[in-house]
Amino acid sequence: ADPLFRSLEKMPFSIPELVRASPCRSSDGTLYTGKKSDVWYAIDPDTGEKLREMSTSGVQSTCPVQRDEGKVVYVGRKEYVLTMFDPRTQAKRWNVTFTDYASASLPPTLPSRDSMHFSANAGSEGTVLTVNTTTGKQVWIHTFPSPVVSVHSVD
């Protein structure tokens, strides 16, 4: 049968499970290697601008460095990368990246003095929107390349 027309099959393990088990070898000899990385995005709730990206590699700030002044929205992301190799040829068979978001979340809307933050997902994209609670008008909106599952705030 033509490999392009084979049906999709569910993997016996999730990508995060395989990354946690790596390096490992499957029953057919395939070699698995994986890595997980975590990132926090600090976003200005008034403008929607990304202030910082924080990870184990350090902190990357926007230029010029902007001050939070106590108001910041945090979006956490976990990224799992899994690569499979053929043990005979050492050729890469498959590579996949899976993204998940921090699970400790606040309610879908975050109360603040003069604005309210909303998140929504459509397909593979996620959007965070801030609305002025006095006027009801949109203050800012930002679409991310992956779904937004959690929004975090620091008082």
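Student: How many helices and strands are there in the protein chain of this predicted model?
Tutor: Read from the N terminus on, the elements run α-β-β-β-β-β-β-β-β-β-β-β, with the helix symbol standing ahead of the strand symbols. The protein chain of this predicted model therefore holds, with strands taken as DSSP runs of at least two residues, one helix and eleven strands.

Student: What percentage of the residues in the protein chain is buried?
Tutor: The accessible surface of the protein chain comes to about 10500 Å², and 54% of that surface belongs to carbon and sulfur atoms. A residue counts as buried when its relative accessible area is under 20%. Of the 155 residues in the protein chain, the buried share is 31%.

Student: With which strand does β2 pair over 13 bridges?
Tutor: Strand β2, residues 31–43, pairs with strand β1, residues 24–25, over two bridges, and with strand β3, residues 50–55, over five bridges, in both cases in the antiparallel sense. Another antiparallel pairing of β2 runs over 13 bridges, and the partner there is the strand of residues 73–85, namely β5.

Student: Which residue in β5 is the bridge partner of threonine 33?
Tutor: Individual bridges place the partners of β2 residue by residue. Cysteine 24 is bridged to tyrosine 32 of β2, while valine 39 has its bridge partner in β3, at serine 55. For threonine 33 the bridge partner lies in β5, and this residue is threonine 83.

Student: Which glycine takes a positive phi in the hairpin of β2 and β3?
Tutor: The hairpin of β1 and β2 has five residues between its strands, and in its turn glycine 29 has a positive phi of about 95°. The hairpin of β2 and β3 has six residues between the strands, and the residue with a positive phi near 80° there is glycine 48.

Student: How is the aromatic pair of tyrosine 80 and phenylalanine 98 classed, and what is the angle between the planes?
Tutor: The count comes to one aromatic pair. Tyrosine 80 and phenylalanine 98 form this pair, with 6.1 Å from centre to centre. Planes under 30 degrees apart would count as stacked and those over 60 as edge-to-face, so the pair is classed as tilted, with an angle between the planes of 40°.

Student: Why does the pair of tyrosine 80 and phenylalanine 98 tie together parts of the chain, and how many residues apart are they?
Tutor: Tyrosine 80 lies in strand β5, whereas phenylalanine 98 lies in strand β6, residues 92–101. Because the two rings belong to these two strands, the pair ties together parts whose separation in sequence is 18 residues.

Student: Is tyrosine 80 buried or exposed, and at what relative accessibility?
Tutor: Tyrosine 80 touches residues including Ile15, Pro16, Val19, Lys35, Val96 and Phe98, not counting residues up to four places away in sequence. Aspartate 100 is also among the residues touched, and its C-alpha atom is separated from that of tyrosine 80 by 8.2 Å, although the two are 20 residues apart along the chain. Phenylalanine 98 counts as partly exposed at 34% relative accessibility. Tyrosine 80, by contrast, counts as buried, at a relative accessibility of 5%.

Student: How many residues apart are aspartate 28 and arginine 93, which form a salt bridge?
Tutor: The closest N and O atoms of aspartate 28 and arginine 93 are 3.9 Å apart, and a salt bridge requires the nitrogen to be within 4 Å of the carboxyl oxygen. Aspartate 28 sits in the loop between β1 and β2, and arginine 93 in strand β6, so that the pair links distant parts of the chain, with arginine 93 partly exposed at 38% relative accessibility. Their separation is 65 residues.

Student: Which residues are joined into one network by salt bridges that share partners?
Tutor: The count comes to six salt bridges, among them one between lysine 50 and glutamate 53, with the closest N and O atoms 3.1 Å apart. Arginine 88 forms a salt bridge with aspartate 86, with the closest N and O atoms 3.6 Å apart; arginine 88 is exposed at 62% relative accessibility, whereas aspartate 86 is buried at 10%. Through shared partners, the residues joined into one network are Asp28, Asp86, Arg88 and Arg93.

Conventions: Residues are numbered from 1 along each chain as its sequence is written. This is a predicted model: local features need pLDDT of at least 70, side-chain atom pairs count only at pLDDT 80 or more; totals for chains, interfaces and linings use all residues. Side-chain values use heavy atoms; hydrogens and water are left out. Two strands pair if DSSP finds at least two bridges between them. Helices (H or I, at least four residues) and strands (E, at least two) are DSSP runs, numbered from the N terminus. Buried means under 20% relative accessible area, exposed over 50%, partly exposed in between (1.4 Å probe, protein chains only). Accessible areas come from the Shrake-Rupley method with a 1.4 Å probe; for residues, only the protein chains shown count as cover. Rings of Phe, Tyr and Trp (its six-membered ring) pair if their centres lie within 6.5 Å; planes under 30 degrees apart count as stacked, over 60 as edge-to-face and the rest as tilted. A salt bridge is a side-chain nitrogen of Lys or Arg within 4 Å of a carboxyl oxygen of Asp or Glu. Contact means heavy atoms within 4.5 Å.
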